[in-house]
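Here is a short report on salt bridges and helix packing. The structure comes first, then the details.

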Amino acid sequence: MGLRSADGFRLRPVFSSDFTHFDVPDFREVIPEAFEMVEKGFVIEQDFREFTFTNAAMLHTRNNPGFFKGTVVEQAVADELGLEGASPAATA
């Protein structure tokens, strides 16, 4: 399957949600609702991971590899993208 355009180009969409919007009464339901794409067979789990994590990490680190430095996701981003230099605090 995969996220590809009609011409076969790999798409890299990024998950976004205005979960504080008036029509989202319970923000804990936003991700499970989005995961229905996997449950219904529209995408595979790897596509969903890229949609909700990898693509956003790539977007933010492309011009600034240190974008997540000092954050709780620094090590996860470094591991996902093969980046070096995660701070020791990120591994704790």
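## Salt bridges and a helix pair

Arginine 12 and glutamate 50 are joined through their side chains by a salt bridge, at 4.0 Å from N to O. The model is a predicted one. This pair bridges distant parts of the chain. Arginine 12 sits in the segment before α1, glutamate 50 in helix α2, and 38 residues separate them. The two ends differ in burial class. Arginine 12 is partly exposed, with a relative accessible area of 43%. Glutamate 50 has 13% relative accessibility. The cut-off for buried is under 20%, so glutamate 50 counts as buried.

The salt bridge count comes to six. Three of these are set out below, with the N to O distance for each pair.

| Acidic residue | Basic residue | N to O distance |
|---|---|---|
| Glutamate 50 | Arginine 12 | 4.0 Å |
| Glutamate 36 | Lysine 40 | 3.7 Å |
| Glutamate 80 | Arginine 49 | 2.7 Å |

Take the glutamate 36 pair. Its partner is lysine 40. Glutamate 36 is partly exposed, at 27% relative accessibility. Lysine 40 reaches 57%. Exposed means over 50%, so lysine 40 falls in the exposed class.

Now the glutamate 80 pair. Its closest N and O atoms are 2.7 Å apart, and the partner is arginine 49. Glutamate 80 belongs to helix α3 (residues 74-81) and arginine 49 to helix α2, so the salt bridge ties together parts 31 residues apart in sequence. Both residues are partly exposed: glutamate 80 has a relative accessible area of 25%, and arginine 49 has 39% relative accessibility. Salt bridges with shared partners also build one network, made of Arg10, Arg12, Asp47 and Glu50.

Next, the helices. How do α1 and α2 cross? Helix α1 covers residues 30-39 and helix α2 residues 45-61. Their axes come within 9 Å and cross at roughly 140 degrees. Roughly antiparallel requires an angle over 145 degrees, so α1 and α2 are oblique to each other. The crossing of α1 past α2 is right-handed.

Which residues make the contact? From α1 come Ile31, Ala34, Phe35, Met37 and Val38. From α2 come Glu45, Phe48 and Phe51. By class, the contact of α1 with α2 holds seven nonpolar residues, one charged residue and no polar ones.

Notes: Residues are numbered from 1 along each chain as its sequence is written. This is a predicted model: local features need pLDDT of at least 70, side-chain atom pairs count only at pLDDT 80 or more; totals for chains, interfaces and linings use all residues. Side-chain values use heavy atoms; hydrogens and water are left out. Axes are lines fitted to C-alpha atoms, for helices over the stretch in contact, and angles run from 0 to 180 degrees between N-to-C directions. Helices (H or I, at least four residues) and strands (E, at least two) are DSSP runs, numbered from the N terminus. Angles under 35 degrees count as roughly parallel, over 145 as roughly antiparallel, 65 to 115 as roughly perpendicular and the rest as oblique. A crossing is left-handed if the near helix is turned anticlockwise from the far one by less than a right angle, and right-handed if clockwise. Contact means heavy atoms within 4.5 Å. Ala, Val, Leu, Ile, Met, Phe, Trp, Tyr, Cys and Pro count as nonpolar, Asp, Glu, Lys and Arg as charged, and the others, Gly among them, as polar. Buried means under 20% relative accessible area, exposed over 50%, partly exposed in between (1.4 Å probe, protein chains only).
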